[in-house]
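User: Could you walk me through this structure, step by step? I am new to this.

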Amino acid sequence: MVYDGILIGLIVGLFRGGARHGLNQFASLHLRGGWIFPLLLLFQFGIFYLQERLNWVASINGYLFAAVYITGLIFLWLNRHHRGFTLIWIGVLLNFIVMAVNGGRMPVSVEASAVLGPYYVDLLREGGAVSKHYMLDASTHLAFLGDIIPLSSPYPRTQVISIGDVVMNVGIFLFIQSMMVNGGKQDVPSSKTYQPQ
């Protein structure tokens, strides 16, 4: 879902005039601990790849994903001065909380996941490993924070998302707009300079 916020943000930013200077702003963007983000992506892809091949990785993937989320939250907090990053942080936190109280996995509504097709629904019902997800049931804690929102046509990508995903993508969208349209300038309280008469 994070890719949706990025793509929509870039498209809207270009329509709003970001093509003139906005894309260049990303080249000059400075993030605190900026090296953390690409490492987290690589680490997460590594978990996805290895959990299908090594049983011991699959058995601790909940803890590994928790480590990814905690590190990501620290990175986002360090950069909260950027517009939209506080919303991104809140969205990631909501997803982390619901996963933390459910054994490190994201609960998915069977009803909502029907848009993904019968194969995915069957995997959920059988309890098979579907990445970091599992079927939402009566024992699920904070179920309203799970993947319960189905997206399908006319939305271009069929998926099931959470409230945290929505909040996070709003933050991503606002951040990209601030970069492409406002040149990366942050909101600064205005002050009038006193000039003696």
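Here are a few questions and answers about helices and single residues.

Analyst: Happy to help! This is a predicted model, in which local features need pLDDT of at least 70, side-chain atom pairs count only at pLDDT 80 or more, and totals for chains, interfaces and linings use all residues. Residues are numbered from 1 along each chain as its sequence is written, and side-chain values use heavy atoms, leaving out hydrogens and water.

User: Is Asp 165 buried, partly exposed or exposed?

Analyst: Asp 165 is found in helix H8 (residues 163-180); helices here are DSSP runs of H or I with at least four residues, and strands are E runs of at least two, numbered from the N terminus. Buried means under 20% relative accessible area, exposed over 50%, and partly exposed in between, with a 1.4 Å probe and protein chains only. The relative accessible area of Asp 165 is 11%, so Asp 165 is buried.

User: And which of those words fits Val 101?

Analyst: Val 101 lies in the loop between helix H6 (85-100) and strand S1 (106-108). With a relative accessible area of 36%, Val 101 is partly exposed.

User: How are H6 and H8 oriented to each other?

Analyst: Axes are lines fitted to C-alpha atoms, for helices over the stretch in contact, and angles run from 0 to 180 degrees between N-to-C directions. The axes of H6 and H8 come within 7 Å and cross at roughly 160°. Angles under 35 degrees count as roughly parallel, over 145 as roughly antiparallel, 65 to 115 as roughly perpendicular and the rest as oblique. H6 and H8 are therefore roughly antiparallel.
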